[in-house]
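Visitor: Before we talk, please put the model in front of us, and then let me ask how each label is earned.

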Amino acid sequence: MRTVVRWTLQHGLPRALMLRAARAGDAQARLIVDPGTCDDPFTLHAEVRARGPIVRGRLTYITASHDVVKDVLRNEDFRVGDISAAFPWPLNLAHEWSFDPTVLHPLEPPSLLAVEPPEHTRYRRQVSRVFTVRAVEALRPRIQAAADALLDDLVAAGPTSAVDLVASYATMLPVTVIAEILGVPPDERSEVLTYGGGAAPSLDLGLSWREFRDVDRSLRAFDAWLGKHLQRLRQAPGDDLLSQLVTLDDDGERLSETELRATAGLLLAAGFETTVNLLGSGTELLLRNPEQLAVLRADPSGWPNAVEEVLRVESPVQLTARSALRTTEVAGMSVPAGQRVVALLAGANRDPAVFADPNRFDVLRSNAKEHLSFSGGRHFCLGASLARMEGEIGLRTLFERFPELTLAPGAVRRRTRVLRGWERLPAILGEPAPKERTPT
Ligand code: HEM
């Protein structure tokens with residue numbers, strides 16, 4: 001199908017609908033099309049919360065309540081998928097029909113994010129056979145070594161010139177780690193990075209024609225590369241986790257070629273498109289709140305909790321959504337079968353009913369870990385422990401190595417809506433500390 005028709009049905013018409021709904025004050029539409037909500041979505045989240053635990057909008061239901069978000073994510077009456085359900089007939093049918101099954105999309109089956117049991121159980125069981133707690137923990141020294149090597153490279157920039165920490169560190173650390181996990185050869189990493197960056201807005205709705213075309217190209221190029229990569233691993237498996245997944249014994253549950261490509265593609269993209277934002281936002285928050293950094297310098301055992309607090313305050317994935325399988329009561333409101341509920345993870349994370357003084361960044365917050373940034377229920381993030389480890393090692397090592405680090409002018413936020421983070425974060429490194437550091 002012509003790309004322009006697919007754009008019109010997937011983004012052009014929904015965008016027009018969103019613009020109208022936003023003008024009428026609809027919260028979900030404002031989050032998608034209002035330029036101001038990209039920089040500050042939190043004021044709108046608070047408005048939604050003030051209107052009730054769950055609010056009926058023009059297109060969907062929406063919630064910023066911690067209790068309700070948690071309930072919807074765990075509730076068996078809700079299912080992932082079916083973005084089209086948010087649109088009126090016949091736009092919903094046209095929207096559904098417009099997806100090209102030959103291009104794998106993170107929000108379309110057979111992506112883990114878009115399937116439910118029995119497929120979800122089978123995919124997740126297979127991935128969990130190789131992506132074990134022990135396998136992730138074994139990566140710790142490799143993550144540390146990757147962080148050290150990247151920071152060594154930065155020293156060459158000198159103590160006074162501005163360095164973009166997103167391009168040189170926050171992106172490169174997760175890419176290096178996930179590329180090792182998935183057996184991506186070092187000379188192909190920058191190519192994969194380009195596809196991943198190009199495909200990142202694929203989670204957003206209402207893309208411009210140019211954005212959609214770039215996303216489409218990136219998804220196709222990524223998919224083609226992935227097909228070749230899997231073929232290569234089948235012929236010559238390495239000691240990486242993807243090689244193990246590709247060559248798992250057939251126990252009747254083996255993933256098909258398309259399922260494998262979707263799963264590996266999601267792991268690869270989820271592995272760096274989200275963690276980059278954790279590292280970028282963490283760096284920015286700590287540099288803007290030096291008293292919090294001082295707390296960690298005085299007691300480095302606080303780093304794991306600081307990472308939870310970064311995840312809470314600047315949720316790298318801002319929202320997700322579920323559709324009601326049957327008419328369901330949610331916080332006293334009846335959500336009819338087929339209706340969609342937008343769950344504002346970032347809104348739940350600043351719910352004052354759970355987090356005292358919720359807009360304050362406090363690395364010692366005792367319940368920071370109650371955030372919902374990794375979602376909940378059966379779709380709970382499969383990479384959460386890896387992301388936490390990368391966040392902890394990545395941030396701690398950066399601040400230990402460059403104790404004089406300061407922000408430089410020119411920080412730019414990413415324009416994506418579902419994913420939140422920094423596109424550019426220029427900083428002056430200052431004099432590096434001697435390389436001696438406590439072992440992890
Ligand atoms: C700070 C980093 C990360 C954040 C904030 C994050 C967040 C999330 C969220 C919110 C979901 C669920 C979406 C939903 O419920 O609809 C999810 C799912 C997932 N994440 Fe992550 N993620 C991160 C890092 C990672 C990493 C490093 C990996 C892999 C190496 C990963 C792999 C996945 C996978 C495979 C799923 C799908 C799980 C399923 O549907 O069963 N994520 N992630």
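Guide: What follows sets a few labels against their definitions.

Guide: This is a predicted model, in which local features need pLDDT of at least 70 and side-chain atom pairs count only at pLDDT 80 or more, while totals for chains, interfaces and linings use all residues. Residues are numbered from 1 along each chain as its sequence is written, and side-chain values use heavy atoms, with hydrogens and water left out.

Visitor: What makes C381 a donor to the iron atom of the ligand?

Guide: Donors are N, O and S atoms within 2.8 Å of the metal (3.2 Å for Na, K and Ca), and sites may look incomplete because water is not among the atoms. The SG atom of C381 is 2.3 Å away from the iron and is its single donor from the protein, so C381 meets the definition.

Visitor: Why is helix α11 called mostly covered?

Guide: Buried means under 20% relative accessible area, with a 1.4 Å probe and protein chains only. Eight of the ten residues of α11 (172–181) are buried, among them L173, P174 and I181; helices here are DSSP runs (H or I, at least four residues), and strands are E runs of at least two.

Visitor: What makes β1 and β3 edge strands?

Guide: Two strands pair if DSSP finds at least two bridges between them. The open sheet has the order β1-β2-β8-β5-β3, with mixed pairing. β1 (55–56) and β3 (78–79) each have a single partner strand, so one side of each is left without a neighbour in the sheet.

Visitor: How do you know that β2 pairs with β8?

Guide: Three bridges join β2 (61–63) to β8 (340–344) in parallel, so the requirement of at least two bridges is met.

How values were computed. Buried < 20%, exposed > 50% of the residue type's maximum accessible area, 1.4 Å probe, protein only.
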